Amino acid sequence: MTAAHPLRVTLKLATSLDGRIALANGQSQWITGPEARGQVHRLRAEHDAILTGIGTVLADDPQLSARPNGVVSGDQPQRVVMDSRLRMPADAAMLTGTPVWVFHACDASYGFANAKLIQTEADEAGRVCFKAVLDTLRSKGVKSVMIEAGAEIAGSAIRSGLVTHIEWFRAPMLIGAEGIACIAGLGLEELALAPTFQRISVRACGADLWETYQRG
Ligand SMILES: NC(=O)c1ccc[n+]([C@@H]2O[C@H](COP(=O)([O-])OP(=O)(O)OC[C@H]3O[C@@H](n4cnc5c(N)ncnc54)[C@H](OP(=O)(O)O)[C@@H]3O)[C@@H](O)[C@H]2O)c1
């Protein structure tokens, strides 16, 4: 039996200094500057797949293509959406370009143009099981995936213990406690159980800071 290949799982975060991704009213564009956004496109191009949640699709309608030079070119990462109940709108920008993989946990009798629906097991909350998504991606030959999602998916990813790297872009801006935190609750009752990461680099990126961490 051959061992499954390792999967690099990168969580990308673009936040204020105090770790917020949006105001309480949802306004989020743009917290980080153009240099950070350019770097995110280069990171996308370096990963086999980009994963987001339906919350981000509904809020921002992203395309999630890699545009390191401002245009879509070269091999594109596989785009992946976790959408338990198939709430993806038929006119979503994600449904243009190369087919997107939509993981869901409900019975579906219909499909979208330009999307491959993949039914998977549900987690205890009835949502697409994060680990099952990663197992499926690995079985399809994906070796690296970058998560670009809101707090809910980021929280599930961290809780799974499967995130190997964090790319954190931090803008010199403070939003305050009423803003939306970048990672949903982890349910920790002891500090000793907090997931830890080791910082492997920190650089200036325009006006922002770009920190890279790997699992500690
Ligand atoms: N600054 C950044 O780096 C960044 C990046 C992306 C997005 N954002 C911001 O994040 C906000 C959206 O946040 P969000 O938390 O609503 O979006 P999200 O994390 O992208 O998506 C959350 C949705 O994904 C679905 N889902 C399916 N399986 C899940 C699982 N195992 N765990 C968690 N969720 C699962 C759930 O809906 P169902 O139960 O219906 O499936 C859930 O409501 C927007 O304001 C956007 O601008 C910020």
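Leaving out residues up to four places away in sequence, Gln39 touches Cys205 and Trp210; touching, or being in contact, here means that two C-beta atoms, placed from the backbone, lie within 7 Å. Let's start from that residue and work outwards. This is a predicted model, where local features need pLDDT of at least 70 and side-chain atom pairs count only at pLDDT 80 or more, while totals for chains, interfaces and linings use all residues. Residues are numbered from 1 along each chain as its sequence is written.

**Gln39 and its helix**

Gln39 sits in helix H1. Helices (H or I, at least four residues) and strands (E, at least two) are DSSP runs, numbered from the N terminus. Along the chain, Gln39 and Cys205 are 166 residues apart, yet in space they are 8.3 Å apart, C-alpha to C-alpha. Is Gln39 buried or exposed? It counts as buried, because it has 21 C-beta neighbours inside 10 Å. The cut-offs go like this: 20 or more other C-beta atoms within 10 Å of a residue's own make it buried, 12 or fewer make it exposed, and anything in between is partly exposed, with C-beta atoms placed from the backbone.

H1 covers residues 34-46, so 13 residues, and it reaches 19 Å from its first C-alpha to its last, close to the 18 Å expected at 1.5 Å a residue. (That expected span is 1.5 Å times one less than the number of residues.) Its buried residues are Ala36, Gln39, Val40, Leu43 and Arg44. Seen down the axis of H1, these buried residues fall within an arc of 150 degrees, so they line one face of the helix; the arc is that of the directions from the helix axis to the C-beta atoms. On the other side of H1, Pro34 and Arg42 are exposed. Among the elements covering the buried residues of H1 are S1, S3, strand S10 (197-205) and strand S11 (208-215).

**Two more helices**

Helix H3 (residues 130-139) buries Phe130, Val133 and Leu137. They cover an arc of only 60 degrees around the axis, which puts them on the same side of H3. Their cover includes S3, strand S4 (78-82), strand S5 (100-104), S7 and H4.

In H4, the buried residues are Ile153, Ala154, Ser156, Ala157 and Ile158. H3 turns up among the elements that cover them, along with S1, S3, S4 and S7.

Ala154 also has a place in the core. The largest nonpolar core holds 53 residues, and Val81, Ile147 and Ala154 have the most contacts inside it. Such a core is a set of buried Ala, Val, Leu, Ile, Met, Phe, Trp, Tyr and Cys residues joined through C-beta atoms within 7 Å. Setting aside neighbours within four places in sequence, Ala154 is in contact with Leu11, Ile147, Ala149, Cys182, Ile183 and Ala184.

**Around the ligand**

Which residues come nearest to the ligand? Of the 30 around it, they are Gly53, Gly55, Ser84, Gly150 and Ser156. A residue is near a molecule if its C-beta atom, placed from the backbone, lies within 6 Å of it. Strand S1 (8-16), strand S2 (20-22), strand S3 (49-53), helix H2 (54-60) and helix H4 (151-160) each give at least two residues to this shell. H2 supplies the largest share, five residues. By type, the shell divides into 12 nonpolar, 10 polar and eight charged residues. Here Ala, Val, Leu, Ile, Met, Phe, Trp, Tyr, Cys and Pro count as nonpolar, Asp, Glu, Lys and Arg as charged, and the others, Gly among them, as polar.

**Backbone oddities**

Most residues other than glycine have a negative phi, and most peptide bonds are trans. Here are four residues with a positive phi.

| Residue | Phi | Place |
|---|---|---|
| Asp61 | about 45 degrees | loop between H2 and S4 |
| Asn114 | about 70 degrees | loop between S5 and strand S6 (115-119) |
| Gly141 | near 95 degrees | follows H3 |
| Gly161 | about 75 degrees | just after H4 |

Asp61 counts as exposed because it has 12 C-beta neighbours inside 10 Å. It touches Ala92 and Ala93, not counting residues up to four places away in sequence. Asn114, with 13 such neighbours inside 10 Å, counts as partly exposed.

Finally, the peptide bond from Gln29 to Trp30 is cis, with omega near -5 degrees. Trp30 belongs to the loop between S2 and H1.
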